[in-house]
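Ready for a few short exercises? Have a look at the chain below, then try each task before reading its solution.

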Amino acid sequence: MSATIDAKYEAYMAERSNSLARLINQFKKDIDLRILQKIRERGYNDFKLGDMVLLVNIDSHGTINNDLARKARISKQAMSKVVKNLEAGNYISSRKHDTDNRASLIFLTDKGKEFMITVYEVVDEVTDFYAAIIGEEEMKHLKALLKSITVGLNLS
């Protein structure tokens, strides 16, 4: 039996470098590092990339914590920690909801808006970097494939 297990294991090991999960994980790590480096080069040294889950989900008219947590697919408690971090850094502000006394609306501050503009510029630069590797057409194709997956999974 050990020979069968060893053979199966070795077969999986031989294909490990082609694993979709591994490839996506490596790419995700690389893109995160490149984005974070460029953000820091622009003077945002107090920002954690993990806090981006909140910022990218704030609507211009404000968003409540529970909606942010749902959109980011994290717990309300985890989102509350992110809110505290970003409020302390003056990226966001909050005020009581007009009709629901239990909820607060979260808004981007001017600093938060400036930061998000910087992030969008950085993401464009990083995307251009990858497009230079695979070509513009392949980049369009990659984006289309990823969009199809997110739509198919109801993630967008």
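You'll need one set of cut-offs: a residue is buried under 20% relative accessible area, exposed over 50%, and partly exposed in between. Keep in mind that the model is a predicted one.

**Exercise 1.** Work out whether L142 is buried, partly exposed or exposed.

*Solution.*
- Start by finding the residue: L142 sits in helix α7.
- Next, take its relative accessibility, which is 30%.
- That value falls between the 20% and 50% cut-offs, so L142 counts as partly exposed.

**Exercise 2.** Find the nonpolar surface patch that L142 belongs to, and say which helices each supply at least two of its residues.

*Solution.*
- List the members: F129, I133, I134, L142, L146, I149, L153 and L155 make up the patch.
- Add the area: together they have about 720 Å² of accessible area.
- Now match them to helices: α6 (110-134) and α7 (136-152) each give the patch at least two residues.

**Exercise 3.** Two residues, R73 and N154, have a positive phi without being glycines. Where do they lie, and are they buried or exposed?

*Solution.*
- Take R73: its phi is about 65 degrees, and its place is the loop between α4 (65-72) and α5 (76-88).
- Check its cover: R73 has 62% relative accessibility, so it counts as exposed.
- Move on to N154: its phi is about 55 degrees, and it's in the segment after α7.
- Use the cut-off again: at 68% relative accessibility, N154 counts as exposed because exposed means over 50%.

Methods. Residues are numbered from 1 along each chain as its sequence is written. This is a predicted model: local features need pLDDT of at least 70, side-chain atom pairs count only at pLDDT 80 or more; totals for chains, interfaces and linings use all residues. Side-chain values use heavy atoms; hydrogens and water are left out. Patches are made of residues with over 30% relative accessible area and no salt bridge: like charges are joined within 9 Å, nonpolar side chains (Val, Leu, Ile, Met, Phe, Trp, Tyr) within 5 Å. Accessible areas come from the Shrake-Rupley method with a 1.4 Å probe; for residues, only the protein chains shown count as cover. A salt bridge is a side-chain nitrogen of Lys or Arg within 4 Å of a carboxyl oxygen of Asp or Glu. Helices (H or I, at least four residues) and strands (E, at least two) are DSSP runs, numbered from the N terminus. Buried means under 20% relative accessible area, exposed over 50%, partly exposed in between (1.4 Å probe, protein chains only).
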